[in-house]
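Visitor: I would like to go through this model at the bench. Please show me the sequence and the structure, and I will ask as we go.

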Amino acid sequence: MDVVNHLEGRLLFAVPKKGRLNAATLNLLEGADIQFRRENRLDIALVKNLPIALIFLPAADIPTFVGQGRVDLGITGWDQVQEHEAAVRATTPGGGCDMVMDLGFGGCKLQVQVPEKGRFAATRDLIGTTIGTSFVHLAADHFAKLEAAADGDPNAESATANTRQLRTKLIELSGSVEAACALGVAEGIVDLVESGETMRAAGLKAIDTVVESTAVLIKSNKPSNPEMVELIASRIRGVITAQRYVLCQYNIQRSSLSDAAKITPGKRAPTVTSLDEDGWVAVSSMVEKKKIALVMDDLAKVGASDILVLDLHNTR
Ligand SMILES: Nc1ncnc2c1ncn2[C@@H]1O[C@H](COP(=O)(O)OP(=O)(O)OP(=O)(O)O)[C@@H](O)[C@H]1O
Ligand SMILES: O=P(O)(O)OC[C@H]1O[C@H](OP(=O)(O)OP(=O)(O)O)[C@H](O)[C@@H]1O
């Protein structure tokens, strides 16, 4: 089938075609029951059960397609959204992308890195040197602020590369940025760090953070079908919430219910049902997954018993 001729009337949704955000994004689409089959080598896939087409793009290009309104929705890193905004700020304030929600995965930091045993201790020491990065616009804005501060500019915090002539030289690299220092291409780099393994393996250390990032859902500020955007956003929100929470169930004496309810207040309020035993109630309540062990300890202390923790598949 010639999918390109079947896009009419469909909401276009850009997703990372490879890399760090690809697998988690595909999981999210599955959880939101967005069903598709991607033909070999084709970057467009029609969704079978909704009037949507998925467009598989490099994460770095997704803010451009969304910002120009060529696609309606996209999933990419917040770092990429910020880089796009820094690139087009002079012509398109806001970049044309609206943030819909933080998706929680793909956490990393865009950091200034220098050789571990080198002469640079702070980012300002790098002013006037050469910096290698794939994030040239964010790095340029970061150094514009530093240079403005070093020059005693009272408005240094709002300085950008559009408003200043930079003394620091930025070299655009498309990957393996960590190699730049060892090979003498740059004195420092600005690149992503998650575990820090790649940085340490290259003999580098981080001395400053430019942006903290996670994957985000963004939408065009002129979507073709706002109702469909809202439907997809609410399905994705349901899956993300389900991933973040568990359902905690327990039995407790009614006299201790108010103490237990303080520990498990739920999203709105805990659900309380009577048990077939005088003076006892059963409680169920959503609890943040990362807090559940402490919550169980606290519930046991106030007399809860038969505490069960259940995974959630979806919420709305
Ligand atoms: N180590 C990491 N841990 C978590 N998230 C990361 C990491 N590296 C990158 N990301 C996130 O994933 C996004 C895409 O990066 P990734 O390196 O996977 O891109 P890519 O599309 O494969 O491009 P490239 O070919 O340049 O590597 C980044 O913008 C960032 O938001
Ligand atoms: O702190 P860590 O957990 O080691 O992760 C950081 C690395 O991950 C990303 O690169 P990726 O492996 O995606 O490849 P790339 O260099 O080709 O972009 C990033 O550019 C770093 O190099």
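Visitor: How many of the six residues of strand E3 are buried?
Guide: This is a predicted model, and what follows is computed from it. A residue counts as buried if 20 or more other C-beta atoms lie within 10 Å of its own. By that cut-off strand E3 (residues 52–57) is largely enclosed by the rest of the structure, because the number of its six residues that are buried is five.

Visitor: Which strand pairs with E3 in the parallel sense, and over how many bridges?
Guide: In one pairing of E3, Leu11 stands opposite Ile52. The partner there runs parallel to E3 over six bridges, and is strand E1 (residues 11–16).

Visitor: How many residues lie between E2 and E3 in their hairpin?
Guide: Strand E2 (residues 44–46) pairs with E3 in the antiparallel sense over three bridges. Leu46 has Ala53 of E3 as its bridge partner. E2 and E3 form a hairpin, and the number of residues between them is five.

Visitor: Is helix H3 largely enclosed, and how many of its 11 residues are buried?
Guide: The buried residues of H3 include Trp78, Val81, His84 and Ala87. Charged side chains are also on the buried list, among them Asp79, Glu83 and Glu85. Helix H3 (residues 78–88) is largely enclosed by the rest of the structure, because the number of its 11 residues that are buried is 10.

Visitor: Which strands stand at the edges of the five-strand open sheet?
Guide: The order in this sheet is E8-E7-E9-E6-E10, with mixed pairing. An edge strand has a single partner strand, so one side of it is left without a neighbour in the sheet; the two in question are strand E8 (169–172) and E10.

Visitor: What is the average twist from one strand to the next in that sheet?
Guide: The sheet is open and has five strands. From one strand to the next, the twist averages 25 degrees.

Visitor: In E9, which residue is the bridge partner of Ile131?
Guide: E7 and E9 run parallel and are joined by three bridges. Within E9, Ile131 has as its bridge partner Gly188.

Visitor: Is Thr130 buried, exposed or partly exposed?
Guide: Thr130 lies in strand E7 (residues 130–133). Its C-alpha atom is 11 Å from that of Val190, with the two positions 60 residues apart in sequence terms. Buried needs 20 or more C-beta neighbours and exposed 12 or fewer. Thr130 has 16 inside 10 Å, so it counts as partly exposed.

Visitor: Is Glu212 buried or exposed?
Guide: Glu212 is found in strand E10 (residues 204–213). Its C-alpha atom is separated by 11 Å from that of Asp191, which is 21 residues away along the chain. A count of 12 or fewer C-beta atoms within 10 Å is the limit for the exposed class. Glu212 has 12, so it is exposed.

Visitor: Which two domains does ligand 1 lie between?
Guide: There are 16 residues around ligand 1, and those that come nearest are Gly19, Arg20, Ala59, Gly77 and Glu194. By class the shell has five nonpolar, seven polar and four charged residues. Two domains both give residues to this shell, so ligand 1 lies between domain 1 (3–105 + 215–224) and domain 2 (108–213).

Visitor: Which strand and which helix each supply at least two residues of the shell around ligand 2?
Guide: The shell of ligand 2 has 14 residues, the closest being Gly175, Glu194, Ser195, Glu197 and Thr198. It divides into three nonpolar, six polar and five charged residues. The elements that each supply at least two of the residues are strand E9 (188–193) and helix H6 (197–201).

Visitor: How far apart are the end C-alpha atoms of residues 242–314?
Guide: An unreviewed UniProt entry places the feature "domain: Histidine biosynthesis HisG C-terminal" at these residues. Over residues 242–314 the chain is 27% helix and 40% strand, and the distance between the end C-alpha atoms is 5 Å.

Visitor: Which residue in E15 stands opposite Gln249?
Guide: An open sheet of four strands has the order E13-E14-E12-E15, with antiparallel pairing. Strand E12 (residues 245–253) pairs with E15 over five bridges. Opposite Gln249, in E15, stands Leu308.

Key: Residues are numbered from 1 along each chain as its sequence is written. Chains are lettered from A and ligands numbered from 1 in the order in which they are written. This is a predicted model: local features need pLDDT of at least 70, side-chain atom pairs count only at pLDDT 80 or more; totals for chains, interfaces and linings use all residues. A residue is near a molecule or strand if its C-beta atom, placed from the backbone, lies within 6 Å of it. UniProt positions are given in the numbering used here, feature names are shortened, and annotations may be inferred rather than shown by experiment. Two strands pair if DSSP finds at least two bridges between them. Domain bounds come from an automatic or database domain assignment. Axes are lines fitted to C-alpha atoms, for helices over the stretch in contact, and angles run from 0 to 180 degrees between N-to-C directions.
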